[in-house]
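This report goes through the side-chain contacts and the strand pairing of one structure. The sequence and the coordinates come first.

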Amino acid sequence: QVQLVESGGGLVQPGGSLRLSCAASGIIFVIFDMAWYRQVPGKQRELVARITNRGSTNYADSVKGRFTISRDNTKKTVYLQMNNLKPEDTAVYYCNVWDKNYWGQGTQVTVSS
């Protein structure tokens with residue numbers, strides 16, 4: 001049984017930082033690409049960042065230079081470091097096993113003064 005458990009969300013002021021974590025179980029983590037998505041009410045879920053099983057990364061244009069995705073295969077965990085947060089980054093953030101229908105429960109990120 002695959003489980004993805006996100007943590008690290010919260011309320012932060014514009015310009016602040018948060019680090020999201022996603023702990024995976026029930027999969028051979030090291031062989032899968034992983035991704036972070038986000039969703040706001042009434043809009044489609046959008047890809048934020050992806051990291052391949054070899055550590056290559058790509059990002060949505062809206063977060064390039066501000067967000068960093070990384071992984072620790074020994075801990076079966078993927079991270080999303082978010083810096084210089086903006087109000088438009090407010091969303092529920094979801095962890096995903098790339099190209100698989102495995103999702104976490106989501107963690108709320110709210111950027112507001």
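E46 is partly exposed, with 35% of relative accessible area. The model is a predicted one, and the salt bridges are a convenient place to begin.

**Salt bridges**

In total the structure has five salt bridges. Side chains of opposite charge can pair when their charged atoms come close. Three of these pairs are listed below, each with its closest nitrogen-to-oxygen distance.

| Pair | N to O distance |
|---|---|
| D33 and R50 | 2.7 Å |
| E46 and R38 | 2.6 Å |
| R38 and D89 | 3.0 Å |

R38 appears in the pair with E46 and again in the pair with D89. With D89, R38 spans a wide stretch of sequence: R38 lies in strand β4 and D89 in the loop between β8 (77–82) and β9, so the salt bridge ties together parts that are 51 residues apart in sequence. Are these two partners buried or exposed? Both R38 and D89 are buried. Through shared partners, salt bridges join R38, E46, R66 and D89 into one network. Within that network, R38 has a relative accessibility of 7% and therefore counts as buried, the cut-off being under 20%. E46, at 35%, is partly exposed.

The salt bridge between D33 and R50 has its closest N and O atoms at 2.7 Å. D33 sits in the loop between β3 and β4, and R50 in strand β5 (residues 46–51), so this pair ties together parts that are 17 residues apart in sequence. D33 has a relative accessibility of 14% and counts as buried.

**Aromatic rings and the charge of R45**

How many aromatic pairs does the structure hold? There is one. The pair consists of Y37 and W103, whose ring centres are 5.0 Å apart; their planes stand at 65 degrees, so the arrangement is edge-to-face. The cut-off behind that label is an angle over 60 degrees between the planes. Y37 belongs to strand β4 (residues 34–39), while W103 belongs to the loop between β9 and β10 (107–111), so the contact ties together parts that are 66 residues apart in sequence. The partners fall into two accessibility classes: Y37 is buried at 15% relative accessible area, whereas W103 is partly exposed at 30%.

W103 also takes part in a contact with a charged side chain. R45 lies over the face of W103, at 4.6 Å from the ring centre. R45 lies over the face of Y94 as well, there at 3.8 Å from the ring centre.

**The disulfide**

The count of disulfides comes to one. C22 and C95 form this bond, with their sulfur atoms 2.1 Å apart. The torsion about the S-S bond is about -80 degrees, so the disulfide is left-handed. C22 lies in strand β3 (residues 18–25) and C95 in strand β9 (residues 91–97), so the bond ties together parts that are 73 residues apart in sequence. C22 is buried, its relative accessible area being 0%. C95 is likewise buried, with a value of 0%.

**A four-stranded sheet**

Strand β3, which carries C22, is also part of an open sheet. This sheet has four strands in the order β1-β3-β8-β7, with antiparallel pairing. Its edge strands are β1 and β7 (67–72), each of which pairs on one side only. On average, neighbouring strands in the sheet are turned by 15 degrees against each other, with direction ignored.

The pairing of β1 with β3 is antiparallel and runs over five bridges. In this pairing, S7 stands opposite S21 of β3.

In a regular strand the side chains alternate between the two faces of the sheet. Which residues of β1 lie on the covered face, and which on the uncovered one? In strand β1 (residues 3–7), L4 and E6 make up the covered face. Q3, V5 and S7 make up the uncovered face. S7 is thus on the uncovered face of β1 and opposite S21.

Terms used: Residues are numbered from 1 along each chain as its sequence is written. This is a predicted model: local features need pLDDT of at least 70, side-chain atom pairs count only at pLDDT 80 or more; totals for chains, interfaces and linings use all residues. Side-chain values use heavy atoms; hydrogens and water are left out. A disulfide is a pair of cysteine sulfur atoms within 2.5 Å. Helices (H or I, at least four residues) and strands (E, at least two) are DSSP runs, numbered from the N terminus. Buried means under 20% relative accessible area, exposed over 50%, partly exposed in between (1.4 Å probe, protein chains only). Two strands pair if DSSP finds at least two bridges between them. Axes are lines fitted to C-alpha atoms, for helices over the stretch in contact, and angles run from 0 to 180 degrees between N-to-C directions. Rings of Phe, Tyr and Trp (its six-membered ring) pair if their centres lie within 6.5 Å; planes under 30 degrees apart count as stacked, over 60 as edge-to-face and the rest as tilted. A charge sits over a ring if NZ of Lys or CZ of Arg is within 6 Å of the ring centre and within 35 degrees of the ring normal. A salt bridge is a side-chain nitrogen of Lys or Arg within 4 Å of a carboxyl oxygen of Asp or Glu.
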